[in-house]
Amino acid sequence: MFRTRLVRLLRVLLPLAALALLSVLFLLGRKSETVEPAIPYAEGSAEDLGRSPGIGAPEYTTVTPEGASVTLRAARAALGNGGGDSGTASALVLDWRARDGLMIELTAPRAETQDTSIRLDGGVRMALSSGWEMRGPSFEADTAADTLRADETVQVTAPFGQLEAGRMLIRPSDVGAGQVLELNEGVRLLYRP
């Protein structure tokens with residue numbers, strides 16, 4: 001008899017105790033917000049924003065025909081004057097991750113897009129996961145051709161020294177998997193053993 005009463009009493013008290021414990025945890029787990037919560041407001045006057053419409057912190061992701069994942073992030077982007085498929089962006093980071101594991105990160109102050117081509121300019125830095133680093137005035141990423149290229153002089157820092165080349169191209173290998181880095185047009189090497 002005593003046992004039955006005890007079980008009935010515990011069947012009511014234990015769920016109530018668990019509910020009280022959970023309530024206390026939720027109340028203590030909340031942070032008190034004494035400062036106004038950070039809401040992302042647009043910077044600048046309404047007139048300036050109305051004259052130059054655009055998108056804040058856009059991100060674009062695609063996959064190339066060879067399977068490389070390409071992600072382009074910017075601080076701000078706007079359509080070009082003619083609309084369509086052209087536009088400009090500022091404070092950019094382009095991540096290129098090839099299927100073979102090679103990771104390439106390009107940072108630039110500006111970029112222009114046209115169809116499948118992304119042209120980064122204004123002084124571009126490119127870092128490869130293999131330890132190479134390149135700097136040049138502009139680089140172009142073509143997602144349809146699966147290539148990264150620089151048609152102007154690039155300064156290269158490699159694990160074995162410094163290079164300078166008039167042109168640079170990164171493309172898929174013709175034989176097997178992997179990427180090929182081509183430096184040409186007046187290549188100079190300063191070897192550091």
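**Figure 1. Asp146, a buried loop residue.** In this predicted model, Asp146 has a relative accessibility of 2% and so counts as buried, the limit being under 20%. Its place in the chain is the loop that links strand 8 (133–142) and strand 9 (147–150). The backbone here deserves a look too: although Asp146 is not a glycine, its phi is positive, at about 60 degrees. Thr64 is in contact with Asp146, which leads us to the next view.

**Figure 2. Thr64 and its contacts.** Thr64 sits in the loop between strand 2 (59–63) and strand 3 (69–73). Is Thr64 buried or exposed? With a relative accessible area of 5%, Thr64 is buried, because that value is under 20%. Once neighbours within four places in sequence are left aside, the contacts of Thr64 are Val70, Trp96, Thr143 and Asp146.

**Figure 3. Glu185, an exposed loop residue with positive phi.** Look for Glu185 in the loop that runs between strand 13 (179–184) and strand 14 (188–191). Its phi is near 65 degrees, a positive value in a residue other than glycine. Glu185 has a relative accessible area of 51% and is therefore exposed, as the class begins over 50%.

**Figure 4. The largest nonpolar core.** This core holds 33 residues, and the members that touch the most others are Leu94, Ile104, Leu106, Leu120, Met126 and Phe139. Which strand gives the most to the core? That is strand 7 (residues 117–128), with 5 residues. To follow one member outward, take Leu94: leaving aside neighbours within four places in sequence, its contacts include Val70, Leu72, Ile104, Leu106, Ile118, Leu120 and Ala141. Thr71 and Glu105 are also among the residues that Leu94 contacts.

**Figure 5. The second largest pocket.** Here we turn to a pocket with a volume of about 160 Å³. How many residues line this pocket? There are 13, and those nearest the centre are Glu66, Arg99, Ala177, Gly178 and Gln179. Sorted by class, the lining has 4 nonpolar, 5 polar and 4 charged residues.

**Figure 6. The whole protein, for orientation.** The close-ups above belong to a protein with 2 helices and 14 strands. Of its 193 residues, 28% count as buried. The protein exposes about 13100 Å², with carbon and sulfur atoms supplying 57% of that area. Among contacts between residues at least 6 apart in sequence, 33% join residues at least 24 apart.

Technical notes
Residues are numbered from 1 along each chain as its sequence is written. This is a predicted model: local features need pLDDT of at least 70, side-chain atom pairs count only at pLDDT 80 or more; totals for chains, interfaces and linings use all residues. Side-chain values use heavy atoms; hydrogens and water are left out. A nonpolar core is a set of buried Ala, Val, Leu, Ile, Met, Phe, Trp, Tyr and Cys residues joined through side-chain atoms within 4.5 Å. Buried means under 20% relative accessible area, exposed over 50%, partly exposed in between (1.4 Å probe, protein chains only). Helices (H or I, at least four residues) and strands (E, at least two) are DSSP runs, numbered from the N terminus. Contact means heavy atoms within 4.5 Å. On a 1 Å grid over the protein atoms alone, a cavity is a set of points where a 1.4 Å probe fits but cannot get out, and a pocket is an open set with protein on both sides within 12 Å along at least five of seven lines; lining residues have an atom within 4 Å of a point. Grid points are joined across faces, edges and corners, and a volume is the space filled by probe spheres set on the points. Ala, Val, Leu, Ile, Met, Phe, Trp, Tyr, Cys and Pro count as nonpolar, Asp, Glu, Lys and Arg as charged, and the others, Gly among them, as polar. Accessible areas come from the Shrake-Rupley method with a 1.4 Å probe; for residues, only the protein chains shown count as cover.
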